[in-house]
Each structure stands twice: as structure tokens, then as C-alpha cells.
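User: Please take a close look at one part of this model, the salt bridges, and set them in the context of the fold around them. A connected account would be preferred to a list.

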Amino acid sequence: YEPLVSARGWTRGAVVHFVSGFGQTIAEEMKAIFSRPGRTLVADIEYGSVDMADVGSIILELKKSRPEVVYVDAQPGGLAT
């Protein structure tokens, strides 16, 4: 993702990820990219399960942190729900 982040000039990133294997790998990469000088990881939100009651607080946290790019680890069906 580094070439895209660099080309776009994004300096503020956020990660919303499930606590497990594949999603953790990409989340760690995003954390590393936004830990470099001149960049900031503004939110790192982990979840084990998400229900409709949790979505509002996750969105509120993202809005408050004002990221320019967000990595969301979710299956399409889960994200749609």
C-alpha cells in the first residue's frame, strides 16, 4: 500500500480490523506505513464481533480522528449488515 499512500499524499490513516490472522497482517502493514515520519495512525480499532449497537461508536471514533484513509477488515456480507 505504500506506493498508493505516497502517491496520494495521505498522512493520516486508520485501521478497523478483526482480531485474527489475515486481517491482522494487513492491519500491521497499515500501522507500519502510518508510523513513518510525517504520518500518523489516528485510530486502531479492533473487534471480535460487531453488532449494530457497536457500529455507531466505531463510526464516531473514526469521524473524530479524521483519517484520510481507512483500512476496514470485513467480509462483504458483514460490512453490508
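Analyst:
**Salt bridges and their surroundings**

Glu 2, Arg 36 and Arg 39 are joined in a network of salt bridges. The model is a predicted one, and the count of salt bridges in it comes to four.

Within the network, the side chains of Arg 39 and Glu 2 meet with an N to O distance of 2.8 Å. This pair ties together distant parts of the chain, since Glu 2 lies in helix α1 (residues 2–8) and Arg 39 in the loop between α2 and β2, 37 residues apart. Arg 39 has a relative accessible area of 18% and is therefore buried, the cut-off being under 20%. Glu 2, at 23%, is partly exposed.

Lys 31 takes part in two further pairs, one with Glu 28 and one with Asp 44. In the pair with Glu 28, the closest N and O atoms are 3.3 Å apart. Because Lys 31 and Glu 28 are three residues apart in helix α2, about one helical turn separates them. Lys 31 counts as buried, with a relative accessibility of 14%, whereas Glu 28 is partly exposed at 38%. In the pair with Asp 44, the closest N and O atoms are 2.9 Å apart. Here the link is again between distant parts of the chain: Lys 31 belongs to helix α2 and Asp 44 to strand β2, 13 residues away. Asp 44 counts as partly exposed, at 36% relative accessibility.

The elements that carry these residues belong to a chain with four helices and three strands, which follow one another from the N terminus as α-β-α-β-α-β-α. The three strands form an open sheet in the order β2-β1-β3, with parallel pairing. Strands β2 (40–47) and β3 stand at its edges with a single partner strand each, so one side of each has no neighbour in the sheet. From one strand to the next, the twist averages 10°. Strand β1 (residues 12–18) pairs with β3 over four bridges, and Val 15 stands opposite Tyr 71 of β3. Helix α3 packs on this sheet and touches β1, β2 and β3, its direction making about 175° with that of β2.

Helix α2, which holds Lys 31 and Glu 28, also contributes to the largest nonpolar core. That core has nine residues: Val 5, Val 15, Ile 26, Ala 27, Met 30, Ile 33, Phe 34, Val 69 and Tyr 71. Both α2 (21–33) and β3 (69–72) supply at least two residues of this core, and the largest share, four residues, comes from α2. In soluble globular proteins, nonpolar side chains tend to be buried together. Phe 34 connects this core with the surroundings of the first pair: leaving aside neighbours within four places in sequence, the contacts of Phe 34 include Val 5, Val 69 and Arg 39. A second, separate core of seven residues includes Ala 14, Val 16, Ala 43 and Leu 62.

Ala 43 is also touched by Ser 65, whose contacts beyond four places in sequence are Arg 12, Val 42 and Ala 43. Ser 65 is part of helix α3 (residues 52–65) and counts as buried, at 9% relative accessibility.

For the chain as a whole, 28% of the 81 residues count as buried. The exposed area is about 5200 Å², of which carbon and sulfur atoms supply 58%. Among contacts between residues at least 6 apart in sequence, 73% join residues at least 24 apart.

Key: Residues numbered from 1 in each chain as written. Predicted model: local features only at pLDDT ≥ 70, side-chain atom pairs only at ≥ 80, totals over all residues. Heavy atoms only, no water. Core = buried A, V, L, I, M, F, W, Y, C linked by side-chain atoms within 4.5 Å. Buried < 20%, exposed > 50% of the residue type's maximum accessible area, 1.4 Å probe, protein only. Contact = heavy atoms within 4.5 Å. Pairing = 2+ DSSP bridges. Axes fitted to C-alpha atoms, helices over the stretch in contact; angles between N-to-C directions. Areas by Shrake-Rupley, 256 points an atom, 1.4 Å probe, with all protein chains shown as cover.
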